[in-house]
Amino acid sequence: MARIPRIGIGGPVGSGKSMLIERFVPVLARDGYRVCIISNDVISKEDADRMRQNLATDRGLLPENMVIGLATGGCPHTAIREDPSMNMAVIEEIERDHPGLDLIIIESGGDNITTTFSPALADYFIYVVDVAGGDKYPRKRGLGIENCDLLVINKTDLAPLVDADLDVMKRDAAEVREGRPFLLTNCKTGEGIGEACGHIVRDVLFDAPPKGAGETA
C-alpha cells in the first residue's frame, strides 16, 4: 500500500484545531486535493461529528466516511506519540480502501505545550495556540511550540479583548522558533488560511498535483 501523506494538528483545548481544519479543507478541495480527517478526543467524538456535519453533510466537500472520530480514552498525547496504534490501525484501513486520497489530517485531543506527534504517525506537525491565552504564550516554549513544523497563532481577533500584543507574540515566536515558520490566523475572517495551506501543499505534498487531476466526471 502506498503511504498517504499525513499531517498532525495539536494544541490545547479551545485553541481552534477543528475550526482550522474546517478552513483548510475547502481550500484544498478547491484545488482538487482529496482529504480524510481523523479526530482524536479522550471521551467524545463531538469534534468529528461537527466537522462531518459542516464539511460533508452541509457543504459536500468530502464523503461522510472521510471524517473519523476516535475516543482514545486516555491522555491525548499517548494516542499520537507513545502508543499511536489506534490511529495507525485506522490509517492502514484508509490507505487500503482509499488509495486515491492525497492527504490525511490527524487532529489530536486538546493537550498542552509538550504535545508532539510520533514520526511513525505524522509526516508534518502543526501546533496551534490561542491568542486568548495571552501574548506570553510563544515564549513559554515547550516541545509543541519549539519543534512543530508550523506554529499557528490563532484567534487574532481576540487580542484587543485580552490585552495581548500581537507584535510581542510575533517577536517571541521568531526567537523561539529560530527560523522555523509560524503564522497568525483568524478563522472567522480567513486571515492566514491560504498561507497555511500553502505550507501544506509545498512542504507536505511537495507541489504534486492531486491524484485525481485529469479525471473526468
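1. Strand pairing around Ile126. Ile126 stands opposite Leu150 in strand 6. The model is a predicted one. Strand 5 and strand 6 run parallel and are joined by five bridges. On the strand 1 side, Ile126 is the bridge partner of Ile9. Strand 1 and strand 5 also run parallel, here with four bridges.

2. Burial of strand 5. Seven of the seven residues of strand 5 are buried. Both faces are covered. Tyr124, Ile126, Val128 and Asp130 lie on one side. Phe125, Tyr127 and Val129 lie on the other. Note that Asp130 belongs to this buried set.

3. Strand 1 and strand 4. Strand 1 covers residues 6-10 and strand 4 covers residues 103-107. They pair in the parallel sense over four bridges. Ile9 stands opposite Glu107 of strand 4. Ile9 also has Ile126 of strand 5 as a bridge partner.

4. The whole sheet. How many strands form the sheet, and in what order? Seven strands form an open sheet, ordered 3-2-4-1-5-6-7, with parallel pairing. Strand 3 (67-71) and strand 7 (182-184) are at the edges. Each has a single partner strand, so one side of each is left without a neighbour in the sheet. On average, neighbouring strands are turned by 20 degrees against each other, direction ignored. As background, strands of a sheet pair through backbone hydrogen bonds, either parallel or antiparallel.

5. Helix 1 on the sheet. Helix 1, residues 17-30, packs on the sheet. It touches strand 1, strand 2 (35-41), strand 4, strand 5 (124-130) and strand 6 (150-154). The direction of helix 1 makes about 170 degrees with that of strand 4.

6. Helix 1 against helix 2. Helix 2 spans residues 46-57. The axes of helix 1 and helix 2 come within 10 Å and cross at roughly 30 degrees. Angles under 35 degrees count as roughly parallel, so helix 1 is roughly parallel to helix 2. The crossing is right-handed.

7. Residues of that helix contact. Helix 1 contributes Ser18, Met19, Ile21, Glu22, Val25 and Pro26. Helix 2 contributes Asp47, Arg50, Met51, Asn54 and Leu55. By type, the contact holds six nonpolar, two polar and three charged residues.

8. The loop between strand 6 and helix 6. Lys155 sits in this loop, and helix 6 covers 166-177. What is unusual about the backbone at Lys155? Its phi is near 65 degrees, a positive value in a residue other than glycine. Most residues other than glycine have a negative phi. Lys155 counts as partly exposed because its relative accessibility is 25%. Val162 is found in the loop between strand 6 and helix 6 too. Val162 is partly exposed, with a relative accessible area of 35%. Leaving aside residues up to four places away in sequence, Val162 touches Val131 and Ala132. The C-alpha atoms of Val162 and Phe24 are separated by 27 Å, and these residues are 138 residues apart along the chain.

9. After helix 7. Asp207 lies in the segment after helix 7 (193-204). Asp207 has a positive phi of about 60 degrees, although it is not a glycine. Is Asp207 buried or exposed? Asp207 counts as exposed, at 53% relative accessibility.

Methods. Residues numbered from 1 in each chain as written. Predicted model: local features only at pLDDT ≥ 70, side-chain atom pairs only at ≥ 80, totals over all residues. Heavy atoms only, no water. Pairing = 2+ DSSP bridges. Helix = DSSP H or I, 4+ residues; strand = E, 2+ residues; numbered from the N terminus. Axes fitted to C-alpha atoms, helices over the stretch in contact; angles between N-to-C directions. Contact = heavy atoms within 4.5 Å. Parallel < 35°, antiparallel > 145°, perpendicular 65-115°, else oblique. Left-handed = near helix turned anticlockwise from the far one by under 90°. Nonpolar A, V, L, I, M, F, W, Y, C, P; charged D, E, K, R; others polar. Buried < 20%, exposed > 50% of the residue type's maximum accessible area, 1.4 Å probe, protein only.
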